[in-house]
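Work through the following exercises with the sequence and the structure at hand. Each task is followed by a solution that goes step by step.

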Amino acid sequence: MPLTKAQKEEALGAIEETLEGANTVYLTDYQGLTVEQATGLRRAFREADVQYKVLKNTLLRRAMEARGGFDDLLDELNGPTAVAFTNDPAGPAKVLKKFLEDHDLEIPRFKGAYIDGAIYGEGSLDVLAKLKSKDELLADILGLLMAPITNVASALGAQGAGLASVIQQISEKEDS
């Protein structure tokens, strides 16, 4: 049964709201998945905190055109399209890649992605899957910030360490 005009407007508003709240949008072609596989894929996305929805291409196109910045992805809005929305640029790619490897499949096919204003084409899935997540990047930054403090604390905690010895140990660690 076709959607009424009011239902279409409501759906369009919901898609626009979702686009507004996510800095990452992945497009996939899910045609050929069994119900069991599709359910498993949805579960994997949900566990990764990624919204994964099958949307009407015309409504998604209208929402993307209204928001702007998706021009290079609009050509991919043909055939069955499922969309992943998130704020973790690598999350959907990792889920897709793992799903494809675990099930030895070629579907869902990655059509493209929009990440913080940049468009990635269908050959970019491997590169996107190798990106570090936001949490991994924050951990790396925290580790870098904590390293000098850890060096000073370990030097001060050394037995029999005088001020000259502490300064020498710190300079030796910085030189290496």
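**Exercise 1.** Find what share of the residues of the protein chain counts as buried, and describe the secondary structure around them.

*Solution.* In this predicted model, the protein chain has 176 residues, of which 32% count as buried, where buried means a relative accessible area under 20%. Turning to the secondary structure, we find seven helices and five strands, and reading along the sequence gives the pattern α-β-α-β-α-β-α-β-β-α-α-α.

**Exercise 2.** Identify the largest nonpolar core and state which elements contribute to it.

*Solution.* The largest nonpolar core has 19 residues, and those with the most contacts inside it are Tyr 26, Leu 41, Phe 45, Leu 96, Phe 110 and Leu 128. Two or more residues of this core come from each of α2 (35–47), β3 (82–86), α4 (91–103), β4 and α5 (125–129), and the largest share, five residues, is given by α4. As a next step, take Phe 45, which, leaving aside neighbours within four places in sequence, is in contact with Val 50, Tyr 52, Ala 84, Pro 92, Val 95 and Leu 96. A second, separate core has 18 residues, including Ile 15, Val 25, Ala 63 and Leu 73.

**Exercise 3.** Explain what the salt bridge between Arg 67 and Glu 20 ties together, and then examine the one between Arg 109 and Glu 122.

*Solution.* The structure holds six salt bridges, and in one of them the side chains of Arg 67 and Glu 20 meet at 3.4 Å, N to O. Because Arg 67 lies in helix α3 (residues 57–67) and Glu 20 in helix α1 (residues 5–21), the pair ties together parts that are 47 residues apart in sequence. Arg 67 is partly exposed, with a relative accessible area of 32%, whereas Glu 20 counts as exposed at 57%. The side chains of Arg 109 and Glu 122 also meet in a salt bridge, at 3.6 Å, N to O; since Arg 109 lies in strand β4 and Glu 122 in the loop between β5 (118–120) and α5, this pair ties together parts that are 13 residues apart in sequence.

**Exercise 4.** Decide whether Lys 111 is buried or exposed, and find what its side chain reaches.

*Solution.* Lys 111 is found in strand β4 (residues 109–115), and it is buried yet has no salt bridge. The nearest side chain of opposite charge, Asp 29, is 5.2 Å away, while a salt bridge requires the atoms to be within 4 Å. The side chain of Lys 111 does, however, reach the backbone oxygen of Asn 78 at 2.7 Å.

Notes: Residues are numbered from 1 along each chain as its sequence is written. This is a predicted model: local features need pLDDT of at least 70, side-chain atom pairs count only at pLDDT 80 or more; totals for chains, interfaces and linings use all residues. Side-chain values use heavy atoms; hydrogens and water are left out. Helices (H or I, at least four residues) and strands (E, at least two) are DSSP runs, numbered from the N terminus. Buried means under 20% relative accessible area, exposed over 50%, partly exposed in between (1.4 Å probe, protein chains only). Lys and Arg count as positive and Asp and Glu as negative; His and the chain ends are not counted. A polar contact is a pair of N or O atoms within 3.5 Å; within protein, one must be able to donate a hydrogen and the other to accept it, and residues adjacent in sequence count only if both atoms are side-chain atoms. A nonpolar core is a set of buried Ala, Val, Leu, Ile, Met, Phe, Trp, Tyr and Cys residues joined through side-chain atoms within 4.5 Å. Contact means heavy atoms within 4.5 Å.
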